[in-house]
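Q: Please take a close look at one helix of this model, and then set it against the rest of the structure. What is buried, what is exposed, and how far can the coordinates be trusted?

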Amino acid sequence: MPHSGYTVFIVEDDASVRDALGLLLGLQGYPVAMFGNAESFLESLRSGWRGCALIDIRMPGMDGLTLQRKLKEIGCDIPVIVMTAHGDVESARHAFRSQAVDFLEKPLDHVRLIAAIEEAFSCHSQTLRSNESRVEFDTRLEQLTPREREVMDMVVKGFHNREIAKALFISPRTVEVHKARMMDKLDVATVADLVRLSLGQ
Amino acid sequence: MQTESTDMIAQVQRLLTGLAFVAAYILLDWASYLHPMYGLNITPWNPSPALGLVYWLRVGKRSALPWFVAILTGEVLVRGLPATLPLTLVSSLVLMVGYGFMAEAIRRRSDGDILHDRGHLLMWLVVVIVGTLITSAVYVSLLFLSHLIPVRDWTVAVLRFWVGDSVGIVVTMPFFWLLFDGRHRLRNLLRRRETLVYVLLAAFMLWVSFGFGAVGEFQYFYLLFLPIVWAAGRQGVLGAAIAAFTLQAGIIVAVQWQNMVAVTVFELQMLGAVLAFVGLFIGVVVDEKQRVSDELRQTLRLAAAGEMAAALAHELNQPLTALSAYGAACGQLLERGENGTRLKESIARMVAESNRAADVVRRLRDFFRTGATQLERIALGELIASSVSQFEHKARLQGVDIAVDPVPACTLLVDSLQLQVVLRNLLDNAMDAVQTQADGKRHVSVHTQVLATGKVCIRVRDSGPGLSLAAAAGLFEAFQSSKANGLGLGLVISRAIAEAHGGTLVAEPMTTGGLFLLTLPVEKVDIDAA
């Protein structure tokens with residue numbers, strides 16, 4: 001399993017559909033968690049959860065599209081797959097505008113379902129990975145001296161050593177020393193890496 | 001060999017039919033040979049051409065020869081050859097050609113069904129009147145040129161002959177036509193008690209109008225309209241044809257019985273023709289209305305079924321989703337070599353899900369077949385909540401505020417799927433009605449109240465432009481839609497569903513906002529819960 005520790009969270013009001021999907025996905029090797037309505041899913045939601053949510057649109061109480069929007073609002077980054085018994089364009093549009101990974105019509109095509117879940121998992125792991133590297137980068141940034149930080153900002157903006165030296169009233173040689181130390185502290189090899197990481201902030 | 005013998009049987013059959021036709025024609029000619037002018041074929045009532053026309057409509061041009069033979073034989077047998085043989089041959093030919101043209105015109109214009117609608121009926125009447133006028137003018141002129149009719153009587157003779165033929169055809173042709181083309185329908189009608197009753201009424205009215213009124217120039221003739229209008233109103237054109245024929249036969253009997261003079265009989269014939277035509281016309285209109293109403297009912301049934309199908313499609317998709325997932329899971333289990341309880345359990349669930357799907361299909365089929373409803377006990381609150389919840393998302397998008405007042409705790413015995421169609425329809429309309437209002441002024445409310453009559457009244461109200469009195473009245477007519485994309489059937493179906501449940505659905509005309517009242521009988525008021 002490339003995504004170990006990733007769970008499929010099924011939110012579906014129809015007990016048979018929930019049970020059947022749970023069984024099928026469980027046999028496919030996915031850890032599955034099942035919820036009978038949107039409210040209970042929101043209650044149990046924890047920030048460390050990884051995987052994707054498979055949400056039915058039509059449910060008594062809070063419907064699937066509202067749940068999807070709520071998840072975005074509270075900053076939950078679990079990707080969402082929406083499923084519906086009648087795929088009207090309007091709800092598909094809303095699902096995709098709220099960044100649904102896929103919009104599946106019932107009865108479900110299992111190949112598409114698995115593909116959507118895989119896509120959602122890689123989507124989530126990518127998000128998590130970029131989050132991780134950003135957190136790491138942030139802690140490293142804190143180790144920089146104010147001068148090194150100034151030099152970094154200008155390097156990222158695309159200034160040459162000579163221009164930086166002039167702007168900070170120091171010699172180009174000193175700029176080079178600051179820059180080397182800054183790159184070393186941030187653990188980046190090239191200016192291009194530096195720019196990429198700092199833009200992710 | 002086989003085809004030769006069947007050909008021969010067909011030919012013999014044709015010959016026999018022709019002979020039977022000739023015999024019937026002459027018999028009719030003989031029976032109606034009353035009050036002739038100068039011993040000629042000029043009588044106040046001449047129904048035999050009607051028989052000829054029906055024969056022509058059935059077999060086409062082949063009927064020309066037997067018809068000619070019948071006319072000629074009639075001259076010889078019934079009237080004893082009043083003119084010379086060559087003249088009789090020529091005059092019979094004139095009649096034959098005239099009737100032939102009429103028959104062909106009717107056949108081509110009406111596809112053989114003269115009583116189908118008002119257009120066919122009027123066309124038939126015009127052809128008969130114009131055709132007989134031309135035929136009688138030519139026929140009488142021929143006799144006149146042969147000095148069989150005096151100069152001064154030409155007009156009178158033409159008039160008599162024309163009226164005799166046209167009245168004979170108008171009054172009897174529909175009946176003959178029924179005898180040959182609608183025998184099955186005719187037999188059904190004759191078996192009904194109502195038919196007997198109006199025939200008896202006709203006989204009684206004949207007795208009244210001729211028993212008392214003959215002296216006063218048929219002052220009670222209008223009484224004869226009662227049975228024919230009754231027959232036409234109840235049984236359509238078939239009833240009118242039966243009644244017209246009965247009345248005509250009765251009039252002829254009465255005329256003979258009272259020894260009326262030819263002029264009186266002639267006037268009576270005009271009245272009889274009007275009587276018959278009024279009856280036929282009412283009958284055709286009644287038939288047409290019936291046909292339209294049948295078609296509309298069918299359309300409504302289909303539309304209602306369509307609404308049901310949309311609701312059922314959702315219901316059907318759930319078990320199908322579960323079924324296919326269980327099926328795929330079973331495949332996985334088998335691949336792993338499992339054949340224990342897990343597999344058995346999954347298969348049992350598949351069976352349960354297919355039963356659930358079959359249940360939905362059965363309900364749809366029942367609705368198509370009988371419009372049958374699947375009654376179940378359901379809490380009113382649940383019903384309303386599930387209908388309203390389907391609109392929450394849409395309402396939020398369109399900035400509509402839907403307020404549901406506390407629902408009294410009671411149980412209904414209804415088809416929840418059908419009632420959801422009704423409530424969805426009402427809410428849909430309310431949502432559309434408030435579209436034109438400004439932001440913050442789009443309100444829809446659902447208020448529920450248990451009435452003293454043991455019914456519950458659900459009021460769906462909106463802050464839209466409201467309904468005028470006229471609009472509220474026309475709202476429930478099919479195809480009356482103010483929406484560009486609507487067929488206007490939603491409310492018609494909703495009302496039909498409400499009424500099928502022993503309830504009502506009405507629109508209240510109001511100047512501010514729309515209001516629909518859906519009343520349904522309550523199965524049980526849950527006092528302890530309330």
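A: The answer below starts with one helix and then moves outward.

The model is predicted: local features need pLDDT of at least 70, side-chain atom pairs count only at pLDDT 80 or more, and totals for chains, interfaces and linings use all residues. Residues are numbered from 1 along each chain as its sequence is written, while chains are lettered from A and ligands numbered from 1 in the order in which they are written.

The helix is H8 of chain A, residues 172-186. Helices here are DSSP runs of H or I with at least four residues, strands are runs of E with at least two, and both are numbered from the N terminus. H8(A) has 15 residues and spans 21 Å from its first C-alpha to its last, close to the expected 21 Å at 1.5 Å a residue; the expected span is 1.5 Å times one less than the number of residues.

Val175(A), His178(A) and Met182(A) are the buried residues in H8(A). Viewed down the axis of H8(A), the buried residues fall within an arc of 65°, so they line one face; the arc is that of the directions from the helix axis to the C-beta atoms. An α-helix has 3.6 residues a turn, so residues three or four places apart point the same way. On the other side of H8(A), Arg173(A), Ala180(A) and Asp184(A) are exposed. A residue is buried with 20 or more other C-beta atoms within 10 Å of its own, exposed with 12 or fewer and partly exposed in between, the C-beta atoms being placed from the backbone. The buried residues of H8(A) pack against helix H6 (146-157) and helix H7 (161-168) of chain A. After H8(A) comes Asp187(A), with a positive phi near 60°.

Helix H1 of chain A, residues 15-27, has 13 residues and reaches 18 Å, close to the 18 Å expected. Its buried residues include Val17(A), Arg18(A) and Leu21(A). Just after H1(A), Gly29(A) has a positive phi of about 100°.

Chain A also meets chain B, in a contact that takes 19 residues from chain A and 21 residues from chain B. Two residues are in contact if their C-beta atoms, placed from the backbone, lie within 7 Å. On the chain B side, H10 (262-335), H11 (341-370), H12 (380-389) and H13 (392-398) each supply at least two residues, and H10(B) gives the most, with 15 residues.

Within the model, the largest nonpolar core has 82 residues, of which Leu53(B), Ala240(B), Ala241(B) and Ala244(B) touch the most other members. Such a core is a set of buried Ala, Val, Leu, Ile, Met, Phe, Trp, Tyr and Cys residues joined through C-beta atoms within 7 Å. Helix H9 of chain B (residues 225-258) gives the most to this core, with 16 residues. Another core, of 48 residues, lies apart from it, with Leu21(A), Ala53(A), Leu54(A) and Ala116(A) among its members.

As for confidence, chain B averages a pLDDT of 81, and 87% of the residues score at least 70; pLDDT is the predictor's confidence in each residue, from 0 to 100. Over residues 478-488 of chain B the pLDDT is below 50. Where pLDDT is low, the predicted coordinates should not be read in detail. The model scores ipTM 0.72 and pTM 0.54.
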